[in-house]
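Here are a few short exercises to work through with the model open beside you. Try each task before reading its solution.

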Amino acid sequence: HVQLVQTGGGSVQSGGSLRLSCVASRSTIGIYTMGWYRQAPGKQRELVAGITSGGIIHYAESAKRRFTISRDNAKKTVYLQLSSLKPEDTAVYYCDINVGNVYWGQGTQVTVSS
């Protein structure tokens, strides 16, 4: 079992920035793929960005050139830097880790006003 605790998020105006953090309870996260998803009201949860153990990164088209995923394995943490935020980025953001089973963070609200 892995616990993921998220911090960050909040409310910003369009064009603003936020950083989300996700700390894992397991010390060996470096060998696992981690990612960030989001779910807007009335919509399905969607992948925002993922990062493999080898540092290969994938971004959803909507996140390219605006969001940056990174990880610090020593701190057992994955980050998502959100920049140039738009109202359509408003959603609950979740981190996840795939250790065979998938575990999720508790979610954090990001609200972008125009």
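**Exercise 1. Find the residue that the side chain of R66 meets in a salt bridge, then trace the network around it.**

Solution. Step 1: R66 and D89 meet through their side chains in a salt bridge, 2.7 Å from N to O. A salt bridge here is a side-chain nitrogen of Lys or Arg within 4 Å of a carboxyl oxygen of Asp or Glu.

Step 2: R66 sits in the loop between β6 (57-59) and β7, and D89 in the loop between β8 and β9, so this pair ties together parts that are 23 residues apart in sequence. Strands are DSSP runs (E, at least two residues), numbered from the N terminus.

Step 3: R66 and D89 are both buried, meaning under 20% relative accessible area, where exposed is over 50% and partly exposed lies in between (1.4 Å probe, protein chains only). For D89 the value is 0%.

Step 4: D89 also forms a salt bridge with R38, at 2.9 Å from N to O. This pair links R38 in strand β4 (residues 33-39) to D89, 51 residues apart.

Step 5: R38 makes a salt bridge with E46 too, with the closest N and O atoms 2.8 Å apart. R38 is buried at 7%, while E46 is partly exposed at 36%. Shared partners thus join R38, E46, R66 and D89 into one network of salt bridges.

A note on the model: it is predicted, so local features need pLDDT of at least 70 and side-chain atom pairs count only at pLDDT 80 or more, while totals for chains, interfaces and linings use all residues. Residues are numbered from 1 along each chain as its sequence is written, and side-chain values use heavy atoms, leaving out hydrogens and water.

**Exercise 2. Work out the strand order of the open sheet of four strands.**

Solution. Step 1: the order is β1-β3-β8-β7, with antiparallel pairing; two strands pair if DSSP finds at least two bridges between them.

Step 2: β1 (4-8) and β7 (67-72) are the edges, each with a single partner strand, so one side of each has no neighbour in the sheet.

Step 3: β3 (residues 18-24) and β8 (residues 77-82) pair over six bridges, and C22 has V78 as its bridge partner in β8.

**Exercise 3. Is T77 buried or exposed, and what does its side chain reach?**

Solution. Step 1: T77, in strand β8, is buried at 5% relative accessibility.

Step 2: its side chain reaches the backbone oxygen of K75 at 2.7 Å.

Conventions. A polar contact is a pair of N or O atoms within 3.5 Å; within protein, one must be able to donate a hydrogen and the other to accept it, and residues adjacent in sequence count only if both atoms are side-chain atoms.
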